[in-house]
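Me: Please take a close look at one part of this structure, the charged contacts between side chains, and describe it in a connected account. Please then place that part within the rest of the chain.

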Amino acid sequence: MQFGHNDAAENKPERFVTVEGYKGYLRLYVQQTRQKEAIPVILTPVNRNYPWEDGKLQNVHGEYYTAAVEVAEEVEVYLIDLTQRSMDHFTEKGKDYVTGKYFMNFGPGLYEAYPEGSNDNTHFQPDGAKAVAQLVYEGLVDLKEQQQKKERQK
């Protein structure tokens, strides 16, 4: 479960939720997931394409990032730090690359649904979506390896 972009939008009251409310929703989702006998995994929010400082992408989610980490620890569920993974990956690729190849920044004519083009540093083009999916996959592999290591130590 991963969300946080819309929750933090104070300028959009129809979807804004406080950090405490955000934590409450995460706890609720974990509880409901466990009721279904599934394994909950909290992901910190994938980073947006800003702010960049000295060639490095910085965390834009602030307290919402911290809230996801805290709730995962509190309710003892798996955590994939997608914020850090995405910041590291995007920084490695570079601002110009991810701006043009990963995020929805392009001129007119590329996509039929966007005849005028797009300037969006939150949502992904196909290459960006694939890159983020790969980061999540790698996070799941790491969780599996951590679990196997714990089991061997028993």
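Reply: In this predicted model, Lys23 is a suitable place to begin, because its relative accessibility is 11% and it therefore counts as buried. The cut-off that applies here is a relative accessible area under 20%. The side chain of Lys23 meets that of Glu70 in a salt bridge, with a distance of 2.6 Å from N to O. Lys23 belongs to helix α1 and Glu70 to helix α2 (residues 62-74), so this salt bridge ties together parts of the chain that lie 47 residues apart in sequence. Glu70, for its part, is partly exposed, because its relative accessibility is 37%.

Lys23 has a further partner in Glu20. These two residues also form a salt bridge, in which the closest N and O atoms are 3.9 Å apart. Where the contact with Glu70 joins two helices, Glu20 and Lys23 both lie in helix α1; they are three residues apart there, so about one helical turn separates them. Glu20 is exposed, because its relative accessible area is 52%. Taken together, Glu20, Lys23 and Glu70 are linked in a network of salt bridges. The network thus includes a buried lysine, Lys23, an exposed glutamate, Glu20, and a partly exposed glutamate, Glu70.

Another contact between helices α1 and α2 deserves attention. Glu74 and Arg27 form a salt bridge, and their closest N and O atoms are 2.8 Å apart. This pair likewise links distant parts of the chain, since Glu74 is in helix α2 and Arg27 in helix α1, 47 residues apart. Both partners are partly exposed: Glu74 has a relative accessibility of 46%, and Arg27 has a relative accessible area of 28%. The structure holds four salt bridges; among them are the pairs Glu20 and Lys23, Glu70 and Lys23, and Glu74 and Arg27.

Helix α1 also carries a feature of another kind. The helix comprises residues 19-35, and Tyr25 is found in it. Together with Leu28 and Tyr29, Tyr25 forms a nonpolar patch on the surface; the accessible area of these residues together is about 260 Å². Tyr25 itself counts as partly exposed, because its relative accessibility is 41%.

The loops that follow helices α1 and α2 each contain a residue with a notable backbone angle. As background, most residues other than glycine have a negative phi, and most peptide bonds are trans. In the loop between α1 and β1 lies Glu37, whose phi is positive, near 60 degrees, although the residue is not glycine. Glu37 is exposed, because its relative accessibility is 76%. In the loop between α2 and β4 (78-80) lies Glu76, which also has a positive phi, near 55 degrees, in a residue other than glycine. Glu76 too is exposed, because its relative accessibility is 69%. A further backbone feature is the cis peptide bond that joins Tyr50 and Pro51, with omega at about -5 degrees. Pro51 is located in the loop between β1 (41-43) and β2 (52-53).

Further along the chain, helix α3 (residues 82-93) packs with helix α5 (residues 126-153). Two packed helices are described by the angle between their axes and the distance between the axes. For α3 and α5 the angle is about 130 degrees, and the axes are 10 Å apart. The two helices are therefore oblique to each other, and their crossing is right-handed. Helix α5 contains Asp127, which is partly exposed, because its relative accessible area is 40%. From C-alpha to C-alpha, Asp127 and Gly109 are 18 Å apart in space; in sequence they are 18 residues apart.

As to the overall setting, the protein chain has five helices and six strands. Read from the N terminus, these elements follow the order α-β-β-β-α-β-α-α-β-β-α. The C-alpha trace spans about 55 × 40 × 35 Å along its principal axes. Of the 154 residues in the protein chain, 37% are buried, and Lys23 counts as buried because its relative accessibility is 11%.

Terms used: Residues are numbered from 1 along each chain as its sequence is written. This is a predicted model: local features need pLDDT of at least 70, side-chain atom pairs count only at pLDDT 80 or more; totals for chains, interfaces and linings use all residues. Side-chain values use heavy atoms; hydrogens and water are left out. Patches are made of residues with over 30% relative accessible area and no salt bridge: like charges are joined within 9 Å, nonpolar side chains (Val, Leu, Ile, Met, Phe, Trp, Tyr) within 5 Å. Accessible areas come from the Shrake-Rupley method with a 1.4 Å probe; for residues, only the protein chains shown count as cover. Helices (H or I, at least four residues) and strands (E, at least two) are DSSP runs, numbered from the N terminus. Buried means under 20% relative accessible area, exposed over 50%, partly exposed in between (1.4 Å probe, protein chains only). Axes are lines fitted to C-alpha atoms, for helices over the stretch in contact, and angles run from 0 to 180 degrees between N-to-C directions. Angles under 35 degrees count as roughly parallel, over 145 as roughly antiparallel, 65 to 115 as roughly perpendicular and the rest as oblique. A crossing is left-handed if the near helix is turned anticlockwise from the far one by less than a right angle, and right-handed if clockwise.
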